[in-house]
Amino acid sequence: MSMRAALRLISAAVLALAPLAAQAQDEDVIAIWREDPLRVFSGEEIDMDALQYRARPLIIFADSPFDPNFAEQMELIEAGWNDLVARDVIVITDTDPDAETEVRQTFRPRGFVMILIGKDGRIAQRKPAPWATREIAHAIDKLPLRQQEIRETGTLGGR
């Protein structure tokens, strides 16, 4: 076999396996989140499509991890994890505008902003200031898919 033919075969194999590798990475993020729902993910780790109908992304953007609003929002989240875990919330942060992550390109934040995405992939809330987890939970409980979950399970718990 010639070197050119061997390279074509290798290229074809890599191209064929790329979607499987991406799917495996997406499944890894979901598995990691299910194993440790208190983990905060970086925007660089997340493929938003992989979260659809599985989790409610709560994305906190800032231009720096030292932004006072970002620090306050993270403190509020830490104090109210139970409300978020019960509602299948995955917390994602993005504090580097230069990274040009998928989430930053999709939502185009300016400075600090907190964005809550429903399981259906639609923006449920977009707030320019920190928000208590009690308020976040209340907003989630008003969403149609959340209402359906409550009816089906008969509880306010998630998963």
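Which residue in β3 is the bridge partner of Ile59? Select Ile59 and then Ile92, for Ile92 is that partner in β3, and keep both on screen while the tour sets out what surrounds them.

**Before you start**

This is a predicted model, in which local features need pLDDT of at least 70 and side-chain atom pairs count only at pLDDT 80 or more, while totals for chains, interfaces and linings use all residues. Residues are numbered from 1 along each chain as its sequence is written, and side-chain values use heavy atoms, with hydrogens and water left out.

**The whole chain**

Show the chain as a cartoon, and you have 7 helices and 5 strands in view, where helices (H or I, at least four residues) and strands (E, at least two) are DSSP runs numbered from the N terminus. Following the sequence from its start, the order of these elements reads α-β-α-β-α-α-β-α-β-β-α-α. If you colour by accessibility, 38% of the 159 residues count as buried; buried means under 20% relative accessible area, exposed over 50%, and partly exposed in between, with a 1.4 Å probe and protein chains only.

**Strand β2 and its partners**

Select residues 56–61 next, which make up strand β2; 6 of its 6 residues are buried, so the strand is largely enclosed by the rest of the structure. In a regular strand the side chains alternate between the two faces of the sheet. In β2, Arg56, Leu58 and Ile60 lie on one side and Pro57, Ile59 and Phe61 on the other, and both faces are covered.

Now add residues 89–94, strand β3, which runs parallel to β2 and is joined to it by 6 bridges; two strands pair if DSSP finds at least two bridges between them. Besides the pair that opened the tour, you can pick out Arg56, whose bridge partner in β3 is Val89. Then add residues 113–117, strand β4, which is antiparallel to β2 and joined to it by 4 bridges, with Phe61 of β2 having Val113 as its bridge partner in β4.

**Strand β3 from its other neighbour**

Stay with β3, where 6 of the 6 residues are buried: Val89, Val91 and Thr93 on one side, and Ile90, Ile92 and Asp94 on the other. Selecting residues 40–42 brings in strand β1, which runs parallel to β3 and is joined to it by 3 bridges, and here Ser42 has Thr93 as its bridge partner in β3.

**The loop after β3**

Move on to the loop between β3 and α5 (102–107), where Asp96 is placed. Asp96 is partly exposed, with a relative accessible area of 37%, and together with Glu44, Asp98 and Glu100 it forms a negative surface patch. Patches of this kind are made of residues with over 30% relative accessible area and no salt bridge, like charges being joined within 9 Å.

Ala99 lies in this loop between β3 and α5 as well, and at 29% relative accessibility it counts as partly exposed. Draw a distance from the C-alpha of Ala99 to the C-alpha of Glu44, and the two are 8.0 Å apart in space although 55 residues apart in sequence.

**Salt bridges**

The last stop concerns salt bridges, of which the whole structure holds 9; a salt bridge is a side-chain nitrogen of Lys or Arg within 4 Å of a carboxyl oxygen of Asp or Glu. Begin with Glu45 and Arg39, whose closest N and O atoms are 2.8 Å apart. Glu45 is partly exposed at a relative accessible area of 26%, and Arg39 is also partly exposed at 26%.

Then select Lys119 and Glu149, whose side chains meet in a salt bridge of 2.7 Å, N to O. This pair links distant parts of the chain, with Lys119 in the loop between β4 and β5 (123–127) and Glu149 in helix α7 (residues 144–153), 30 residues apart. Lys119 is buried, with a relative accessible area of 9%, and Glu149 is buried too, at 17%.

Finish with Arg146 and Asp141, which form a salt bridge of 3.0 Å, N to O, and are both buried. To see how such pairs connect, select Arg56, Arg87, Asp88, Lys119, Asp141, Arg146 and Glu149 together, for these residues are linked in a network of salt bridges, and Arg56 brings you back to strand β2, where it lies on the side shared with Leu58 and Ile60.

Definitions and conventions
Patch = residues over 30% accessible without salt bridge, like charges linked within 9 Å, V, L, I, M, F, W, Y side chains within 5 Å. Areas by Shrake-Rupley, 256 points an atom, 1.4 Å probe, with all protein chains shown as cover. Lys, Arg positive; Asp, Glu negative; His and termini not counted. Charge placed at Lys NZ, Arg CZ, Asp CG, Glu CD.
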